[in-house]
Amino acid sequence: MTAHEQETIFRRWLEEHLGLMLKVVRGCAASPPDQEDLFQEVCLALWSSLPAFRGEARETTWIYRVAFNTALAWQRGERRRRVGHETFLKFEVSPQVHPSHADALPEQEIVAQLYAAIRQLPPVDASLALMHLDGLSYQEMAEVLGISENYIGVKLNRLRKQLAEQWQGVAHEL
Amino acid sequence: MNFEELQKTWQAQPAGVRVTIATEALLREVRRNQRNFAVLIFLRDLRETGLCLVAVLFFGWQGWQHREWSTGLLVLACAWVGGYMLVDRWQQGRCRPVVNDPLKHCVTHSLQQVNHQIKLLKNVLWWYLLPFDAGLAAYILIPSARSWHNGLDACFVTGFVVGFCGLMTGALYWVNQYAVRKELEPRRRELAALLAGLEGNASPEAKP
């Protein structure tokens, strides 16, 4: 892969899969500075992984793998905080946007609570929850995590119940 | 709200954060990072083996100048330690976890690496400290033995060398075991728990 090809693919992935990367980042890091830090790590890991990308795996599977592996290493503190380096992105929290009707929970609040619930989960469950909420198939999740589809099914059953229970509590509070 | 509704809301989630990416700066940063990583690895290897290389050259030259065979033992010890570190680094570099591997493979590799580091530091006495001690003791004791006049001289010099080597070895061994307890063991437990979560294993402990 030439440097030009690497750069072209990287730019396209950033455009097309930014949402996916942000979800992983927000699911693993709570504060905006941490999210910025982790996002930069994910970008660097993605760039380094590109020469090995042969198109055999789906792009989303590849990006999920890189993002989860990087996020787990980042959570374990194996990666140094990026201090004194050139900053290439800025996170700004947007103001809340229109709830569909007055008594409904604002969607943004629901999503924020879901992120908070995901961050409470053990790392593997958090990865599964993020992918499941994004609607990935069992096969895709198995490819990202390297475990069997059967086991994914077992874990997801437990996880759905756990998230639903947690959600009832949160919804009640809201 | 049931799970399907939550999922629908999730998939249609508003951004919540506004992200501004300076693509050119990002590309500059990733290229710089890649270069820095290569330099960092090179410098680390150079630091760890460079000292041994300098010692081999210095003591080799000194032994050659004075025609002192006992210096050869110290040269051999330094060469052994430096060579061992180089071979180990090369072997470990070959099985470094790849970030685009499935999560389970990546965690398994990381756990193997941590276990290897623990094994290396737990055995530091045998492959690093004792060979160096033996070389150092030979370097000091053998030439000085030629000028001993009586048993008292022998006891004094030998006692001093053994005491010095023992203290130095003990301190270095303690530092290494402290690093195992404080840094590597917690990381190993964390990785083992993660792997257990991926394998559906009830016990989070894994033997090193």
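This note goes through a predicted model, beginning with chain A as a whole and ending with a patch on chain B.

1. Overall make-up of chain A. The secondary structure of chain A amounts to seven helices and one strand, and along the sequence these elements follow the order α-α-α-β-α-α-α-α. Chain A has 174 residues, of which 52% are buried.

2. Contacts and surface of chain A. When contacts in chain A between residues at least 6 apart in sequence are considered, 68% of them join residues at least 24 apart. The area that chain A exposes is about 8,300 Å², and carbon and sulfur atoms supply 49% of that area.

3. Packing of α1 and α4 in chain A. Helix α1 (residues 3–28) and helix α4 (residues 107–120) of chain A pack at an angle of about 60 degrees, and their axes are 7 Å apart. On the α1 side the contact is made by A:Lys23, A:Arg26, A:Gly27 and A:Cys28, while α4 contributes A:Tyr115, A:Ile118 and A:Arg119. Sorted by class, the residues of this contact are three nonpolar, one polar and three charged.

4. The loop residue A:Pro51. Where in chain A should the reader look for A:Pro51? This residue lies in the loop between α2 (32–49) and α3 (59–75). A:Pro51 counts as partly exposed because its relative accessibility is 35%, a value that falls between the limits of 20% for buried and 50% for exposed. Leaving aside residues up to four places away in sequence, A:Pro51 touches A:Met1 and A:Gln6. A:Pro51 and A:Glu5 are 46 residues apart in sequence, and their C-alpha atoms are 9.4 Å apart in space.

5. Helix α6 of chain A and the residue after it. Which residues of helix α6 (residues 138–145) are buried? They are A:Glu140, A:Met141, A:Ala142, A:Val144 and A:Leu145, so a charged residue, A:Glu140, is found in this list together with nonpolar ones. Just after α6 in chain A comes A:Gly146, which takes a positive phi of about 80 degrees.

6. A nonpolar patch on chain B. On the surface, B:Val39, B:Phe42, B:Leu43 and B:Leu46 form a nonpolar patch, and together these residues have about 390 Å² of accessible area. One of them, B:Val39, is found in helix α2 (residues 23–66) of chain B. In an α-helix there are 3.6 residues a turn, so residues three or four places apart point the same way. B:Val39 has a relative accessibility of 46% and therefore counts as partly exposed.

Definitions and conventions:
Residues numbered from 1 in each chain as written. Chains lettered and ligands numbered in written order. Predicted model: local features only at pLDDT ≥ 70, side-chain atom pairs only at ≥ 80, totals over all residues. Heavy atoms only, no water. Patch = residues over 30% accessible without salt bridge, like charges linked within 9 Å, V, L, I, M, F, W, Y side chains within 5 Å. Areas by Shrake-Rupley, 256 points an atom, 1.4 Å probe, with all protein chains shown as cover. Salt bridge = Lys/Arg side-chain N within 4 Å of Asp/Glu carboxyl O. Helix = DSSP H or I, 4+ residues; strand = E, 2+ residues; numbered from the N terminus. Buried < 20%, exposed > 50% of the residue type's maximum accessible area, 1.4 Å probe, protein only. Contact = heavy atoms within 4.5 Å. Axes fitted to C-alpha atoms, helices over the stretch in contact; angles between N-to-C directions.
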